[in-house]
Amino acid sequence: QSENSDKSSAESDSETEVEQVSVYHKLLATLKTSPESESEEEDDESESEAAGESEAEMDSEGSQETGEADGGEEDRNDVPQQEEGTTDTAEQTLGQEPADGADTSCDPSHEAIEEFTDVKHESEFSLETNFMEEESGDCNADKRDSNSSRAFSEDPFKQHMDKELEEKEVEKMSTLPKTSSQSKWPRLGQLTFSSTLEKHKTLKADKEVDVKQLYLHKPLESTWPKVNKQYLSSVNKPSDPFFTPLQRELFCIMNTYRDLFYPERNALTNGEEIQRAYCLHALNHVLKANAQVLSNNAKRRDQKPGRDNDDYRDQGLTRPKVLMIVPFRECALRIVHIFISLLEVNEKRKIDVSNKKRFKGEFGFDPEEKPPNLKRPEDYEAVFAGNIDDHFRIGVAILQKSMRLYAPFYSSDIIIASPLGMRTIIGAEGEKKRDFDFLSSIEILIIDQADIYLMQNWEHVLHLMKHINLLPLEPHGVDFSRVRMLNLNNWSKYYRQTLLFSALQDPQINSIFNKHCFNYMGQVAVRNVPLSGSISHVVVQLPHVFRRLEAENITSVIETRFQFFINKVLPEYRDAIMSHTLIYVPSYFDYVRLRNYFKKEDLNFTHICEYTKKGGVCRARRFFLKGEKQFLLLTERFHFYKRYVIKGIRSLIFYELPTYSHFYSEICNMMKATDNGADATWTCTVLYSKYDAQKLAAVVGIDRTAQMLQSKKDVHLFVTGEN
């Protein structure tokens, strides 16, 4: 499976259109009668053994003197020195990034293990053959009083899924630009509402939540306060015992079925409360959708012959309704635990969870496996907690009081997967074994911790977005008389709600939200600007020189940056007096290009990237500390996955601004690890262009960014940590 993980999608838009048209005709017939593939052998370079090392081991004076002295990773000179597009497409070459303690997906053992799916409980969890249980209360829908019927029609789920779009509205959404408006909410801050259709009524933040107004399905109304209790502080008013201020505003938006982009998710502070909020929304949606199907099953069973079956269109072309994309197995484990807690009314009424033991074994983590001496920043510990394997996918079926883990995808309500897990099942054009029909009727897409996928392989996320909500190639046993017209019309993407959570603003993440989300209800994006940047957390005193490069357009930035660096910046550092220079490179393509140039120019340098073996890292760090190597090339992904302190830095060059703003202060503060203390010759140089506005604002703050972008000169800042 993993050999396919690095293949980029070769399909053109036109090919996809042709494919959809033919499938559409195929479905109608059934209705009438009843860039470059490159496989990287990363096995040899898997760094899973690094999980056992301590910082002390890394700083020991390198007893492992084997291999080449200037790095230790196998040369990857096969990466061409080519101009790249608007985004860093190095991810196409990277595939699975090794991480501390992870079972890297490139391990050949992944191929050998056949994927387990639970076949035993198929009939028990079938939506087609089951009926609503009497005690659940929804089977007597016809006998409800008028008030409850009216309430049911006001349910956001019902309103959203029952809305019938007209052809002209769909055409409008496909062709016209979105209109947007701004609003400020107490907790979320600055919001941008955008929509193509006529302006919806302005959404206002609820100061207090009446749980009845949320239309939570049973048993969520009673279980949610217990599940969320640990996040509710004494600050919360007694009148709102359900949500934290952040959850209340997020859920208020989620519950209207608008798309949402929240770029301030923090693994240390609000990550878990956000996760609980979207789990509540996803489970609420699934329970309502399934209750509707089961209730209609009973009505159809009892109906008189000859009645029109069009009254019961309550399903998609395939069963999966919710797709949750998360980076690590630990995240999937937490989500399933939240689901179980939300479904269990009390200790006596436990729900039946099939394959729970297997799930715990495959997604759990033994704390004793963690090396005892590793010292890493708090945010690192929070992100890389538990089982951090990033190649997985699992189907979850929920029916009344039971949950089925490892359900086959076409019998699942919820699919929880990593981008790599999705990539290896979707496959690429021309592959025999590929499947993406199960994505055809996804109604809620949740992408959590999107920033981490920039460090893994962003191409996998783009590949997923190209294959979601397409018409299926096969009918998969669907009863077309029960399929909603929106699905038959191939309008699923206009009803899909996308919830996107990230720790940062990034053009590639913004692109997903702007170009791949078509929800007729519109989009809501949180757009707060950083008032003070991470430069204020730099504790060492040194001058920061921001050198502006002028690029004609966004596609030429990469070439312009390289030429600017080798012609204007590097000559200033070639002198032997400028030894101990660390060059921080976010893009792997740029790293390879610089490494090849340094070799060609016979410069005295060493290099560390995410593929460098443990011994190579030890040697490179030691040579750099002792001054035996003048330059050290360091990739951002290595820093993201390892977070080692590099000692001996006297001069810093940020070839490009870091993806994570706090990496800027973190790298600068490594200078204090140098024994000599403050040094008058310490320097920090940063290359930037006008296209780096978001990253620049996160480092220096919005006010300085505005000044720097207006001025075309280099900017010198002397920051002491108090500024």
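Which residues are linked with E272 in a network of salt bridges? The partners are E330 and R334, and some notes on the rest of the model follow.

Before you start, please keep in mind that this is a predicted model, where local features need pLDDT of at least 70, side-chain atom pairs count only at pLDDT 80 or more, and totals for chains, interfaces and linings use all residues. Residues are numbered from 1 along each chain as its sequence is written, and side-chain values use heavy atoms, with hydrogens and water left out.

1. **Salt bridges overall.** The structure holds 25 salt bridges. The term stands for a side-chain nitrogen of Lys or Arg within 4 Å of a carboxyl oxygen of Asp or Glu. The network of E272, E330 and R334 is a good place to begin looking.

2. **Helix α11.** Helices here are DSSP runs of H or I with at least four residues, strands are runs of E with at least two, and both are numbered from the N terminus. Helix α11 covers residues 329-343. Its 15 residues reach 21 Å from the first C-alpha to the last, close to the 21 Å expected at 1.5 Å a residue; the expected span is 1.5 Å times one less than the number of residues. Of these 15 residues, 12 are buried, so α11 is largely enclosed by the rest of the structure. Buried means under 20% relative accessible area, exposed means over 50%, and partly exposed lies in between (1.4 Å probe, protein chains only). Among the buried residues of α11 are E330, C331, F339 and L343.

3. **Strand β7 and its neighbours.** Strand β7 spans residues 402-405. S402 and R404 point one way from the strand, M403 and L405 point the other way, and all are buried. Two strands count as paired if DSSP finds at least two bridges between them. Strand β5 (residues 352-354) runs parallel to β7 and is joined to it by 3 bridges, with S354 opposite R404. Strand β6 (residues 393-399) pairs with β7 in the antiparallel sense over 4 bridges, and here L399 stands opposite S402. The hairpin of β6 and β7 has 2 residues between the strands, and Q400 takes a positive phi near 55° in it.

4. **A buried salt bridge at R404.** The side chain of R404 meets that of D118 in a salt bridge (3.4 Å, N to O). This pair links distant parts of the chain, 286 residues apart: D118 is in the loop between α4 (109-112) and α5 (146-154), while R404 is in strand β7. How accessible are the two partners? D118 is buried, with a relative accessible area of 2%, and R404 is buried too, at 0% relative accessibility.

5. **A salt bridge within one helix.** R358 and E362 both lie in helix α12 (residues 356-363), 4 residues apart, about one turn of the helix. Their side chains meet in a salt bridge of 3.0 Å, N to O. As background, an α-helix has 3.6 residues a turn, so residues three or four places apart point the same way. R358 is partly exposed, with a relative accessible area of 37%, and E362 is partly exposed at 32%.

6. **A strand-to-helix salt bridge.** R547 forms a salt bridge with E572, their closest N and O atoms being 2.9 Å apart. Because R547 lies in strand β12 (residues 542-548) and E572 in helix α19 (residues 557-573), the pair ties together parts that are 25 residues apart in sequence. R547 is buried at 13% relative accessibility, whereas E572 is partly exposed, with a relative accessible area of 43%.

7. **Helix α9 and the loop after it.** Helix α9 (residues 245-254) is mostly covered, with 9 of its 10 residues buried. The buried set includes R248, E249, F251 and C252. In the loop between α9 and β3 (259-262) you will find Y257. Y257 is not a glycine, yet it has a positive phi of about 65°, and it is buried at 2% relative accessibility.

8. **Two more backbone details.** H580 sits in the loop between α19 and β13 (581-585). Its phi is near 60°, a positive value in a residue other than glycine, and H580 is buried with a relative accessible area of 6%. Where is the cis peptide bond that runs from K218? It leads to P219, with omega near 0°, and P219 lies in the loop between β2 (189-195) and α8 (220-227).
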